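The following exercises examine a protein model step by step. Each task is followed by a worked solution.

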Amino acid sequence: MGDRMMAEPQDIALELSGVSKTYQISQGLFAASKPLRALDNISLQLRRGEVLGLVGESGCGKSTLAKVLLGLEKPTRGDVRIFDQPFGSHDRKWIARRIQPIFQDPYSSLNPRKSVREIITLPLRVHSVGKTSGWNDGVSRMLDLVGLPQRLIDANPSQMSGGQRQRVAIARALIMRPEVVICDEPTSALDVSVQSQILNLLMDLRDELGLTYLFISHNLAVVEHIASRVAVMYLGRVVEQGPAARIFETPKHPYAVALLDSILTPDPSMDVPDVDLDGNFPNPVDPPSGCTFHPRCASATSLCSRLRPEPVQQAPGFVTCHLHDPNQQKDMA
Amino acid sequence: MNSLLSVRNLRVEIPVGAGLLKPVRGISLDLNKGETLCIVGESGCGKSLTSLALMGLLPKVARCSGDRLSFGGQDLLGLTERQMARLRGRAISMVFQEPMTSLNPAYTIGDQLIEGMIRHDGVSRAKARDRAIFLLEKVGITAAASRLSQFPHQLSGGLRQRVMIAMSLMCGPDLIIADEPTTALDVTIQAKILRMMKDLQAELGMAMVFITHDLGVVARIADRIAVMYAGIFVETGTARQIFDTPTHPYTKGLLSCLPVPGKTKLGARLGAVPGVVPALIGGVQGCGFASRCPLRQAACDIEPELSERGDGHSCRCVHDTPTLRKAEWATA
């Protein structure tokens, strides 16, 4: 993509080139299984120190992308590079020391039988980091860092509120001193008053520790607040990518437009938006021909159902749509 | 004024191991025909139990009491379960949050749609079927007739919720109680469903009690808003009053927590409401919000009454708080 020119290799924390992930989905006892392309030829860079927001609706492949980046799933095709080194040349542990996740639901992502101390030190134990005697100091520093009182060190998650649990999950991710944190819907399960505290904390930690975030969310208001760059996904593809300010100001891809139209800002003078989006999310096992968005797109032409669009540079960033491809524009006319 | 739904001092009490849990501690509301009231609050504030109490669907252990609960002039508190069942699904209907758990997976959606109408109105199957097709088309489902023979698992979440809404309209209710009907849905689907509910309401003239924690949704659909905290309404008013001139410290705190596209600056600190909701076992002493309130003072030890601030805008706070600026929350 065009971004490559703008970022030096050493500034890139993670890079995906042409990454695809295909699952074989069983169609029943006697039917042949069918491929489901959860990720379809994704090229994306995560630059050091930035917050890249990844948005899209359920089933678009956001979480599969997170799993690939965490080394939990191997891509079917394509390359993932981490700090300019191929992902495949390192084992899970090497990756885990550089990339850590924070998941959506702090009620299910923490072991209810373990104390806060055990939960936070687990990564140290797994990776045999440092001496056991030093771990307690590490845990108290982490509790301070994420704003939890020291008295909770021996508490169980069941004794804590959702916001406190999410702070424990953040402490567990950060004790390995990772450079990249994959935040997969980190505030979606929380109340608004708690969400704002966790967002503030994530921003503070980024400034303090120089972290890089991939921030996955379906809450676009939150993404606009926190992200410097945004990638919009639809059915396994990135359909638009660029600086957050540009995308929220003037989205180009018709799906990005519909998605942003759906944001309900708390403004009582405005009506419920009339979103220009037809039909339903297609069956990913049987995706539409050409541009997979064409059956729902109000501006689709016959070309869109025939030809699959390729990313077109929209400096800085790109959009995967025939309408914004100057070459196809001539053909359509 | 003859309101459709009139509630005074509604209480719900549930005996639990540790004592008497009081999740709803006396709420009052009036709802006119065709009006939308949004009850907004965070998890555990009692908003869902309020809706169940209005529908007479509380679990058996719960005790519901009140000075008045009348619907269309009829006293609901005095009704037997059988009388209430006759009302439910016909004059008052409900849309729940999770359409997968509120639809029966073993029956086709057609069977589930027409069941209530046949039972309540005694119409023929064919007539109920026609009504079902008519309503499925109204809620924006294509090929409605063929959908009737489908099972819930064959439909997407958005379609299921449309079916639930169609089902709630089968008997032409005067009041719909919707408890977080769009929370489990994607944003584009949410916008479409809300648009549709609003259009249907305008067309059919029913009133709606809409329960949600999403202030964005509230702002766009509410005529009137009740902000609920620890089992009571702490502030009520029109949508404009609540969003433009919020008065209660809790309402102000909540609004300051929201990143607003185009308004809050990238990465700027959001407001916060520190602390946790009080335990509601054995009731609450004084103002329920006092433990989290930056303006707490001695007077807060006595529970304040809901007092009128003019034009139907009421607030339950001892402070006259026009001077409390949002900025004070940013540092809280």
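**Exercise 1: The sheet of chain A**

In chain A, the four strands of an open sheet follow the order S2-S1-S4-S5, with antiparallel pairing. Strands are DSSP runs of E with at least two residues, and helices are runs of H or I with at least four, both numbered from the N terminus; two strands pair if DSSP finds at least two bridges between them. The model is predicted: local features need pLDDT of at least 70, side-chain atom pairs count only at pLDDT 80 or more, and totals for chains, interfaces and linings use all residues. Residues are numbered from 1 along each chain as its sequence is written, chains are lettered from A and ligands numbered from 1 in the order in which they are written, and side-chain values use heavy atoms, with hydrogens and water left out.

Task: Identify the edge strands of this sheet, then describe its pairings and the helix that lies across S1, S2 and S4 of chain A.

Solution.
1. S2 and strand S5 (85-86) of chain A are the edge strands, each pairing on one side only.
2. Strand S1 (residues 12-25) of chain A pairs with strand S2 (residues 34-47) of chain A in the antiparallel sense over 10 bridges. Within this pair, Ile12(A) is opposite Arg47(A) in S2(A).
3. S1(A) is also joined by five bridges to strand S4 (residues 77-82) of chain A, again running antiparallel. Here Ser17(A) faces Asp79(A) as its opposite in S4(A), and Leu14(A) has Ile82(A) as its bridge partner.
4. Helix H1 (residues 62-69) of chain A lies across S1, S2 and S4 of chain A, at about 120° to S1(A). Such angles run from 0 to 180 degrees between N-to-C directions, with axes fitted to C-alpha atoms, for helices over the stretch in contact.

**Exercise 2: The sheet of chain B**

Task: State the strand order of the open sheet of eight strands in chain B, and locate its edges.

Solution.
1. The order is S7-S8-S9-S3-S10-S11-S13-S12 (chain B), and the pairing is mixed.
2. Strand S7 (92-95) and strand S12 (307-308) of chain B each have a single partner strand, so one side of each has no neighbour in the sheet.
3. Strand S3 (residues 36-40) and strand S9 (residues 207-212) of chain B pair in the parallel sense over five bridges; Val40(B) is opposite Thr212(B) in S9(B).
4. Helix H7 (residues 157-169) of chain B lies across S7 and strand S8 (175-179) of chain B, at about 175° to S7(B).

**Exercise 3: The interface**

Task: How many residues does each chain bring to the contact between chain A and chain B, and what area is buried?

Solution.
1. Chain A brings 40 residues and chain B 45 residues, contact meaning heavy atoms within 4.5 Å.
2. About 3600 Å² is buried between the chains, 58% of it from carbon and sulfur atoms. Buried area is the accessible area (1.4 Å probe) lost on putting two parts together, summed over both.
3. Three salt bridges cross the interface of chain A and chain B, each a side-chain nitrogen of Lys or Arg within 4 Å of a carboxyl oxygen of Asp or Glu. The side chains of Asp271(A) and Lys198(B) form a salt bridge at 2.8 Å, N to O.
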